[in-house]
Amino acid sequence: MAKIVAIVATEHEKVAGGAPIFIETDAAKRETTAFLLEKILDASVHDLKNGCFILVDHHRRE
């Protein structure tokens with residue numbers, strides 16, 4: 001099962017949950033942060049088109 005490992009968003013009020021949340025108000029900085037975390041966490045980044053990126057670990061662990 002996939003797991004959300006991080007969130008990059010424009011506003012803290014738009015997100016909640018147990019994953020680490022990174023707030024970046026600038027769109028370019030938000031994208032840069034999301035793609036850097038993608039490489040660091042070995043995860044996939046998904047743009048929700050609402051100012052939020054989620055990073056998801058799709059690897060199967062048994």
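Here are some friendly notes on this predicted model, going from the overall layout down to single residues.

1. **Overall layout.** The protein chain contains one helix and four strands. Following the sequence, these elements come in the order β-β-α-β-β. The helix, helix 1, covers residues 27-41, while the strands are taken up one by one below.

2. **Size and packing.** The radius of gyration of the protein chain is 11 Å, which agrees with the value near 11 Å for a compact globule of 62 residues. You may want to keep the box in mind too: along the principal axes, the C-alpha atoms fill roughly 40 × 20 × 15 Å. Of the 62 residues, 34% are buried. As for contacts between residues at least 6 apart in sequence, 35% of them join residues at least 24 apart.

3. **Surface and charge.** The protein chain has an accessible surface of about 4,400 Å², and carbon and sulfur atoms account for 54% of that area. There are 8 positive and 10 negative charges, and the mean positions of the two sets lie 3 Å apart.

4. **Strand 4, the enclosed one.** Strand 4 spans residues 52-57, and six of its six residues are buried, so this strand is largely enclosed by the rest of the structure. Which way do its residues point? Cys52, Ile54 and Val56 point one way from strand 4, and Phe53, Leu55 and Asp57 point the other way. Burial holds for both sets, and you will notice that Asp57 is one of the buried residues.

5. **Strand 4 and strand 1.** Strand 1 runs over residues 3-9 and pairs with strand 4 in the antiparallel sense, over six bridges. Two of the pairs are easy to find on screen. Alanine 6 has leucine 55 as its bridge partner in strand 4, and alanine 9 stands opposite cysteine 52. Both leucine 55 and cysteine 52 are buried.

6. **Strand 4 and strand 3.** Strand 3, residues 44-47, also pairs with strand 4 in the antiparallel sense, here over four bridges. In this pairing, aspartate 47 is opposite phenylalanine 53. The two strands form a hairpin with four residues between them.

7. **Strand 1 and strand 2.** What is the sense of the pairing between strand 1 and strand 2? It is parallel, over three bridges, with strand 2 made of residues 21-23. Valine 8 of this pairing stands opposite phenylalanine 22 in strand 2. Strand 1 thus has a parallel pairing with strand 2 and an antiparallel pairing with strand 4.

8. **Two positive phi values.** Two residues other than glycine deserve a look if you check backbone angles. Aspartate 42 has a positive phi near 50° and sits in the loop between helix 1 and strand 3. Lysine 49 has a positive phi near 65° and belongs to the turn of the hairpin formed by strand 3 and strand 4. Lysine 49 also counts as exposed, because its relative accessibility is 70%, and exposed means over 50%.

9. **Two residues of one loop.** Alanine 16 and threonine 10 both lie in the loop between strand 1 and strand 2. Are they buried or exposed? Alanine 16 is exposed, at 67% relative accessibility, whereas threonine 10 is buried, with a relative accessible area of 17%. The cut-off for buried is under 20%. Leaving aside residues up to four places away in sequence, alanine 16 touches Ile7 and Ile21. With the same neighbours left out, threonine 10 touches Ile23, Glu24, Thr25, Arg30 and Gly51.

10. **An exposed isoleucine in the helix.** Isoleucine 40 is part of helix 1. Is this residue buried or exposed? Isoleucine 40 is exposed, because its relative accessible area is 66%, and the exposed class takes values over 50%. From C-alpha to C-alpha, isoleucine 40 is 14 Å from proline 20, and the two are 20 residues apart in sequence.

How values were computed
Residues numbered from 1 in each chain as written. Predicted model: local features only at pLDDT ≥ 70, side-chain atom pairs only at ≥ 80, totals over all residues. Heavy atoms only, no water. Rg over C-alpha atoms; globule rule 2.2 N^0.38 Å. Buried < 20%, exposed > 50% of the residue type's maximum accessible area, 1.4 Å probe, protein only. Contact = heavy atoms within 4.5 Å. Areas by Shrake-Rupley, 256 points an atom, 1.4 Å probe, with all protein chains shown as cover. Lys, Arg positive; Asp, Glu negative; His and termini not counted. Charge placed at Lys NZ, Arg CZ, Asp CG, Glu CD. Pairing = 2+ DSSP bridges.
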